[in-house]
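Here is a short briefing to read alongside the model. Please keep the viewer open as you go through the points.

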Amino acid sequence: MEVRILYLSVTGNTRALAQNLQKEGVELGDVVTLVEVHEQTDLPVQNAPFVVLVPTYLEGGTGVDESVREVMTNPLLENLLEDENGAWLRGVIGTGNQNFNAQYVLTAKRYAQQFDVPLLGSVEMRGTSRDVTRLYAEIVKVLQDK
């Protein structure tokens, strides 16, 4: 199976999770392509199903109301909005720190709602090996349902 994962990583935690998901897939015989999105990324128009991994960085408002703004994750959202790339999005995984309470994986929840795709799961920081196994199974399931 071919698996495509787009992600954005600020501190390296989301990147580590993406790399662990890739290892999991390769061990299962899948071809897993990782695409790290950042401000300098010049991505082609998406033409195949994919999932995204996204951390949460917010500022303003009460932290959870509509006045809160995303910071540092904007390049990923911009890419999803370009050229209807979001039409190929099949699911979202959120990363974060549970110490942020209601803000925990709020960006992923917003992406799932905005693009009408499932929130496949969430992990704290880089996740555990159990998280990787669980999430990879969810990725495969949602991509097989194309």
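A residue is called buried under 20% relative accessible area, exposed over 50%, and partly exposed in between. By that rule Arg15, at 29% relative accessibility, counts as partly exposed. Please bear in mind that this is a predicted model. The bullets below start with the chain as a whole and then move to salt bridges, charge, backbone and two individual residues.

**The chain as a whole**

- The chain holds four helices and seven strands.
- Read from the N terminus, the elements follow the order β-α-β-β-β-β-α-β-α-β-α.
- Buried residues make up 49% of the 146 residues in the chain.
- About 7700 Å² of the chain is exposed, and carbon and sulfur atoms supply 46% of that area.
- Among contacts with a separation of 6 or more, 74% join residues that are 24 or more positions apart.

**Salt bridges**

- Side chains of opposite charge can pair when their charged atoms come close.
- How many salt bridges does the count come to? The count is two salt bridges.
- One of them joins the side chains of Arg15 and Glu36, with an N to O distance of 2.7 Å. This pair links distant parts of the chain, as Arg15 sits in helix 1 (residues 13-27) and Glu36 in strand 2 (residues 31-36), 21 residues apart.
- Glu36 is partly exposed, with a relative accessible area of 25%, and Arg15 is also partly exposed, at 29%.
- Asp131 and Arg134 form a salt bridge too, and their closest N and O atoms are 3.0 Å apart. Both belong to helix 4 (residues 129-144), and because they are three residues apart there, about one helical turn separates them.
- Is Asp131 buried or exposed? Asp131 is buried, because its relative accessible area of 16% falls under the 20% limit. Its partner Arg134 is partly exposed, at 36% relative accessibility.

**A negative surface patch**

- Which residues form the negative surface patch? They are Glu39, Asp42, Glu78, Glu82, Asp83 and Glu84.
- Glu82 belongs to the loop between helix 2 (74-81) and strand 6 (89-96), and Asp83 lies in the loop between helix 2 and strand 6 as well.
- Glu82 has a relative accessible area of 41%, so it counts as partly exposed.

**Backbone points to check**

- Most residues other than glycine have a negative phi.
- Asp83, a member of the negative patch, is not a glycine, yet it has a positive phi of about 45 degrees.
- Asp116 is not a glycine either, and it has a positive phi of about 55 degrees. Asp116 is placed in the loop between helix 3 (106-115) and strand 7 (119-124).
- With a relative accessible area of 69%, Asp116 is exposed.

**Two residues to look at**

- Glu2 lies in strand 1 (residues 2-7) and counts as exposed, because its relative accessibility is 68%.
- Beyond its neighbours within four places in sequence, Glu2 is in contact with Val31 and Leu143. Glu2 and Gly29 are 27 residues apart in sequence, and their C-alpha atoms are 9.6 Å apart in space.
- Asn79 is found in helix 2 and counts as buried, because its relative accessibility is 6%.
- Setting aside neighbours within four places in sequence, Asn79 is in contact with Leu6, Leu43, Gln46 and Asn85.

Technical notes:
Residues numbered from 1 in each chain as written. Predicted model: local features only at pLDDT ≥ 70, side-chain atom pairs only at ≥ 80, totals over all residues. Heavy atoms only, no water. Patch = residues over 30% accessible without salt bridge, like charges linked within 9 Å, V, L, I, M, F, W, Y side chains within 5 Å. Areas by Shrake-Rupley, 256 points an atom, 1.4 Å probe, with all protein chains shown as cover. Salt bridge = Lys/Arg side-chain N within 4 Å of Asp/Glu carboxyl O. Lys, Arg positive; Asp, Glu negative; His and termini not counted. Charge placed at Lys NZ, Arg CZ, Asp CG, Glu CD. Helix = DSSP H or I, 4+ residues; strand = E, 2+ residues; numbered from the N terminus. Buried < 20%, exposed > 50% of the residue type's maximum accessible area, 1.4 Å probe, protein only. Contact = heavy atoms within 4.5 Å.
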